[in-house]
Amino acid sequence: MAKEYHTINQIAGPLVFVEKTEPVAYGELVSIALPDGSIKRGQVLDTSDDVVVIQVFEGTGGIDRASGVKFLGETVKMPVSKDMLGRILSGSGDPLDKGPPIIPEKRLEIIGAAINPYARDNPQEFIQTGISSIDGMNTLVRGQKLPIFSGSGLPHNDIALQIARQAKVLGEKEEFAVVFAAMGITSEEAQYFMKDFERTGALKKAVVFLNLADDPAIERLLTPKLALTTAEYLAFDLGMHVLVILTDLTNYCEALRQIGAAREEVPARRGYPGYMYTDLASLYERAGRIKGKRGSITQFPILSMPGDDITHPIPDLTGYITEGQIVASRDLHRQGIYPPVAVERSLSRLMGQGIGPGHTREDHRAVSDQLYAAYAEGRDLRGLVAIVGKEALSERDRKFLDFAAAFEDRFVRQTKDEDRSIQQTLDLGWELLSALPVDALTKIDRKFIEKYHPMNRKK
Amino acid sequence: MASGKSGRISRVAGPVVTAEGVSPRMYDVVLVGELKLMGEVIKLVGDKTVIQVYEDTSGIRPGEAVVDTGAPLQVELGPGLLSSIYDGVQRPLPVLMAKQGDFVSRGVTAPGLDRSKKWKFKPTVKKGDDLHGGMVVGEVPEGNIVHKVLLPPGVDGKVTDISEGEFTVEERVGSLDTGHAIKLAHNWPVRSPRPYLEKLLPDIPLVTGQRVLDTLFPLAKGGTAAIPGGFGTGKTVTSQQLSKWSDAQIVVYVGCGERGNEMTEVLTTFSELEDPKTGKPLMGRTVLIANTSNMPVAAREASVYTGITIAEYYRDMGYDVSLMADSTSRWAEAMREISSRLEEMPGEEGYPAYLASRLSEFYERCGRVNTLAGPTGSISVIGAVSPSGGDFSEPVTQNTLRIVKVFWALDSKLRERRHFPAINWLTSYSLYSPMLEEWYRRNVAEDWSPLRLWAMETLQKESELQEVVQLVGSDALPEEQRLTLEVARMIREFFLQQSAYHAVDTYSPLKRQYEYMNAIRRFSDLSKKAISLEVPLDKIVALKVRADLGKLKFEETIDADLKTILGEMDRQFAGLGV
């Protein structure tokens, strides 16, 4: 039985300082018994002969000097089991759904060790999300981490849900298992997700972790680690393909900043701790494939950019770790276009490995390059039109201008239930491109034009 | 006062551990806790020793033992480094994987060099020879090169015996009269630069075969360059082209705090890429150091030193080494993280005040030198910086730019326009050009420098004219200025754009680069003459020779074509009355 200490000498924000303890391990799990009989949990952040600093996950409200502190002799572990599929858990991993307790098959360290770079497999299997602006222009592959950079009031949740619903690997029947971790989102948003999971039956293959806006901020630091530990178990022990949705990373980073400030650490940019890059990397890097293992982890972190500022430390550091980003556009959203994917600012770094013959279609790269270039040209012309008017444009320019509008209206826009196959996406691309003069299609090889251009296909 | 080799932990705060009762020297490696985690002494205060630990410290508690190894962080230098892939403290990742599985767990050590492999050693010294530290005692074939076996710097003596045969890195191959056992490998502390005789001026270019680099922004052998590796700028292809084609024999690639999937890509492509000089895999002359962003931060801090020490070792054999550090910003962040755990007074943006001096110390370890063994060798460093928020005024970028002499500005706008290599010709620079002038004059062409200046001026003029064009359209410009735009476009599209994937275009020898630029200049001169004779520009641009000039870079016969095209040019211009 662990010894109980009543030697708290300081409580500051989320931190509790305990004196005169036996040696306590760094990262050790702590339980604190409050006078009212409730129990709070925490973790050791700093340990020395004189004082132990504990970060309390559930907030320090109600803890007094006489509260009993027990060190549990182990670091935070996540009990995992196959039965977790279909369950809804709290941000610290306790069942919320009134279901039976989970009987663990394994208890795993929640701080995941890094995958040995030598053991990693190159991610290259195309995931069809059914969303043209992603599949066609910013292709996702299995094992990738591709965040959605969004802003407040934008429908990033819908996009994430649609991806979770529709994602599939061509030629494979198996669906993705979904691990969903909510960090500091409102209960309304959480309901929205849950309803959708229930409606589509996705919940059967999902594990849900909910840390809501009114749950303690510090618990948010735990939630994604629990979720990813579960994902790793499902992927690399049980051989499943797992899609992890983490939302909203901005709340996670706020919690990180809060702890940093409470510890009086020297802040880096905008008050966020200097180790935020490493900390975020320890989440994002838990995506990937491993040689010789069947499963995979694909990550969809969602973060709302404060003030839509992509240079803010959270999206900035994220962009340096993840393999690209899907950027949501307020302009498109205002025009009523769903999904409002800002194609020109989005990027998938692993796209090249997942497209082309054997993955999607031989003309994929060329079509996407051409769509991209033509859309960029059309967008540039909009600036000009604002000054000189549409009439002043040449015939050719007007075609590009119209193309950009059609691209947004038909290629980017689709309904929330519309699941386009990659063939449909590429053919739609061709259809839009056919409105341009053939000699303007400079990025496409002649042989593809002969084979796929609508004017040649009809013959 | 503590005197022991071992003591006890008194505090654990993340990767920083404080110990008592042990009195190591600064930067000694210590083994921390029951798991014997590797750590390094970074501060001594009174009886307390502050240690940065290279592995995760969860579960470590006060009271556990700390043991001093009595030596600083070292790397093993000997045959077997090439084609290896290491973590930040030279643990071979394939060995770690065999030992502990797919995830890197803690407390496992593995020697940097394979203990069982036998190497064919052939001595180049004989009994009775007087040797001093750093001299070559023999040769071993390794990968794509001949590995020179070096006496460790600081060891002198007369050879009493030395034998030919097959040896492992631990076996004795000979002895000195001082009793020193000559072996194929020796250790070297990573934070101490390896000694050399003297540093030489960087007046020889590192020839890369990439036209925009060699002609406009050359890097000297032993020089330093920075590339901003913002997301999606084509850094990977550029560094691969450099590794593949530059005339450095050895490539050291340090992946410092980067993506795991990216390292996997480097790993797969480097093993698949063929070394154009030997036809063997490129890995045969490459050492990879991979410390991804979620591997321990202290090891990330060390990885850059591990890389440069290995580079110095091959330099000491007389080779030209190129070291790619990707990314130095992550390295600086690792310093910041550790510094903040030490509760040091921060400088700008939380970075430690010694950031600038650490960066300059690192870059100072490159250079072209006369080695202790005699021949010259060099290390050229290409450091990627990842300015946060794309803001070049942040401290890491600023301090790096103060030190390095070459800046290759990779530009995402150019990449979007599919202009490769996406190196911006207006913002890039090389301070080596004046120093290399003499070399180019002697080895390539008498008028190399004026030609280069002409190209730069034309591009500069173009960017000024573009501003006007955007307001009034190009039709409003006088013919002569429109010609400048046309010539600049030829320089950009024909000369600067280069396809890494095209068999002929991927590498362009210096002579060819010169001839090519010269032909464009001749076209420009003749066009000017034509315009003064009132030939309309459209007619000049429509000349067949112009289109031919653009196409010939993809032809096998390019060198012969470049010779004949000048005559053809004269002929076609004569047709216009010039």
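Trainee: How many residues of chain B are in contact with chain A, and how many residues of chain A do they touch?

Mentor: Good place to start! Keep in mind that this is a predicted model. In it, 63 residues of chain B are in contact with 58 residues of chain A. The area buried between the two chains is about 5100 Å², and carbon and sulfur atoms give 54% of that area.

Trainee: Which elements of chain B give two or more residues to the side that touches chain A, and which salt bridges and polar contacts go with them?

Mentor: Let's take the contacts before the elements. The rule finds five salt bridges across the interface. One example is the pair B:Asp102 and A:Lys293, whose closest N and O atoms are 3.0 Å apart. There are also 26 residue pairs in polar contact across the interface. Now for the elements: strand 1 (6–13), helix 1 (93–100), strand 9 (103–104), helix 4 (260–272), helix 5 (297–316), helix 6 (328–341) and helix 9 (412–416) of chain B each give two or more residues to this side. Helix 4 of chain B gives the largest share, eight residues. Sorted by class, this side of chain B has 20 nonpolar, 21 polar and 22 charged residues.

Trainee: In which sense do strand 5 of chain A and strand 1 of chain B pair?

Mentor: Here is a general idea to carry with you: in a regular strand, side chains alternate between the two faces of the sheet. In our case, strand 5 (residues 39–48) of chain A pairs with strand 1 of chain B in the antiparallel sense, over two bridges. To find the spot, look for A:Ser48, whose bridge partner in strand 1 of chain B is B:Arg11.

Trainee: Which strands of chain B pair with strand 5 of chain B?

Mentor: Strand 2 (residues 16–20) of chain B pairs with strand 5 of chain B in the antiparallel sense over five bridges. Strand 4 (residues 37–45) of chain B also pairs with strand 5 of chain B in the antiparallel sense, over six bridges. Try following B:Gln52 of strand 5: B:Val16 stands opposite B:Gln52, and B:Gln52 is the bridge partner of B:Glu40 as well. Strands 4 and 5 of chain B form a hairpin with two residues between them, and B:Gly46 in the turn has a positive phi of about 55°.

Trainee: Is strand 5 of chain B mostly covered or mostly open?

Mentor: Mostly covered. Strand 5 (residues 48–53) of chain B has five of its six residues buried.

Trainee: How many residues of helix 7 of chain A are buried, and what do they pack against?

Mentor: To read burial, ask how much of a residue can still be reached; under 20% relative accessible area counts as buried. Helix 7 (residues 313–321) of chain A has nine of its nine residues buried. Among them are A:Pro313, A:Leu317 and A:Tyr320. The buried residues pack against strand 15 (148–150), helix 5 (249–262), helix 6 (276–284) and strand 21 (296–304) of chain A, together with helix 6 of chain B.

Trainee: How many salt bridges are there over all chains, and which parts does the pair A:Arg41 and A:Asp94 tie together?

Mentor: The count comes to 82 over all chains. A:Arg41 and A:Asp94 meet at 3.8 Å, N to O. A:Arg41 lies in strand 5 of chain A and A:Asp94 in the loop between strand 9 (87–90) and strand 10 (106–109) of chain A, so this pair ties together parts that are 53 residues apart in sequence. A:Arg41 is partly exposed, at 25% relative accessible area, and A:Asp94 is partly exposed, at 38%.

Trainee: Where do B:Asp548 and B:Lys544 lie?

Mentor: Both lie in helix 15 (residues 544–551) of chain B, four residues apart, about one turn of the helix. They form a salt bridge, with the closest N and O atoms 2.9 Å apart. B:Asp548 is partly exposed, with a relative accessible area of 22%, whereas B:Lys544 is exposed, with 54%.

Trainee: Which residues are joined into one network by salt bridges that share partners?

Mentor: Look for A:Arg349, B:Glu258, B:Arg259, B:Glu262, B:Arg330 and B:Glu333, which shared salt-bridge partners join into one network. Happy exploring!

Definitions and conventions. Residues are numbered from 1 along each chain as its sequence is written. Chains are lettered from A and ligands numbered from 1 in the order in which they are written. This is a predicted model: local features need pLDDT of at least 70, side-chain atom pairs count only at pLDDT 80 or more; totals for chains, interfaces and linings use all residues. Side-chain values use heavy atoms; hydrogens and water are left out. Contact means heavy atoms within 4.5 Å. Buried area is the accessible area (1.4 Å probe) that two parts lose on being put together, summed over both. A salt bridge is a side-chain nitrogen of Lys or Arg within 4 Å of a carboxyl oxygen of Asp or Glu. A polar contact is a pair of N or O atoms within 3.5 Å; within protein, one must be able to donate a hydrogen and the other to accept it, and residues adjacent in sequence count only if both atoms are side-chain atoms. Ala, Val, Leu, Ile, Met, Phe, Trp, Tyr, Cys and Pro count as nonpolar, Asp, Glu, Lys and Arg as charged, and the others, Gly among them, as polar. Two strands pair if DSSP finds at least two bridges between them. Buried means under 20% relative accessible area, exposed over 50%, partly exposed in between (1.4 Å probe, protein chains only).
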